[in-house]
Amino acid sequence: MHLVPADRADRRTIDGHRVCEAIAAIGDADHLRTWAGRFSLLADANRLALLLALHRTGPLAVSDLAIATGMNDPAVSQALRLLRAAGVVAGEKEGRVVRYRVVDARVRDLLEHCTP
C-alpha cells in the first residue's frame with residue numbers, strides 16, 4: 001500500500017495491492033485533467049461531428065464543414081476556435097481559404113473507434 005496518500009492510509013482496504021495498481025493507473029491530477037479536457041471536447045455532438053469529418057476526409061474549410069455537419073458557418077468557426085485553442089486541430093491557410101485538420105494524435109486514436 002505504498003502508493004496510498006497519507007490522508008487515505010488509515011482506511012480499510014480489501015485488496016491493498018489492487019488499490020496501489022488503481023492509484024498508479026489513475027496517474028497524477030494533471031494527467032487526469034488533460035484527459036478530462038479531451039473527453040469534454042468530444043462530448044459535444046457538433047464538435048465530434050466536425051472532428052470525425054476532418055479525421056475521415058482530411059483538411060476541410062469552414063463552409064464545407066458547415067454543409068457536411070448541418071451547422072451554420074459561425075457555429076463551425078466557434079467550435080474550431082475552441083478545438084484549435086486546445087491543440088486538437090490546426091488550420092492551414094491557402095490564399096483566402098483556411099482548411100482545418102486534426103493534429104492531436106491521441107484524439108485521432110479515439111476517433112478511430114467512432115465508426116458510423
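**Figure 1. The stretch that UniProt lists as "domain: HTH arsR-type" covers residues 27-116.** That label comes from an unreviewed UniProt entry, and what you're looking at here is a predicted model. How much of residues 27-116 is helix, and how much is strand? Helix takes up 61% and strand 16%. If you look for the two ends of this stretch, their C-alpha atoms sit 32 Å apart.

**Figure 2. Here's a close-up of helix α4 packing with helix α5.** Helix α4 runs over residues 62-69 and helix α5 over residues 73-85. The two pack at an angle of about 110 degrees, and their axes are 9 Å apart. Since angles of 65 to 115 degrees count as roughly perpendicular, that makes α4 roughly perpendicular to α5. On the α4 side, V62, S63, L65, A66 and T69 make the contact, while α5 brings in D73, V76, S77 and L80. Sort those contact residues by class and you get five nonpolar, three polar and one charged.

**Figure 3. This view shows W35 and F39, an aromatic pair.** Search the whole structure and one aromatic pair turns up. The ring centres of W35 and F39 are 5.7 Å apart. Their planes meet at 40 degrees, so the pair is tilted; for comparison, stacked would need under 30 degrees and edge-to-face over 60.

**Figure 4. Now the same two residues in the setting of helix α2, residues 29-42.** Why are W35 and F39 about one helical turn apart? Because they're four residues apart in that helix. Is F39 buried, exposed or in between? With a relative accessibility of 45%, F39 counts as partly exposed.

Technical notes
Residues numbered from 1 in each chain as written. Predicted model: local features only at pLDDT ≥ 70, side-chain atom pairs only at ≥ 80, totals over all residues. Heavy atoms only, no water. Axes fitted to C-alpha atoms, helices over the stretch in contact; angles between N-to-C directions. Parallel < 35°, antiparallel > 145°, perpendicular 65-115°, else oblique. Contact = heavy atoms within 4.5 Å. Nonpolar A, V, L, I, M, F, W, Y, C, P; charged D, E, K, R; others polar. UniProt positions renumbered as here; feature names shortened; annotations may be inferred. Phe/Tyr/Trp six-rings, centres within 6.5 Å; stacked < 30°, edge-to-face > 60°. Buried < 20%, exposed > 50% of the residue type's maximum accessible area, 1.4 Å probe, protein only.
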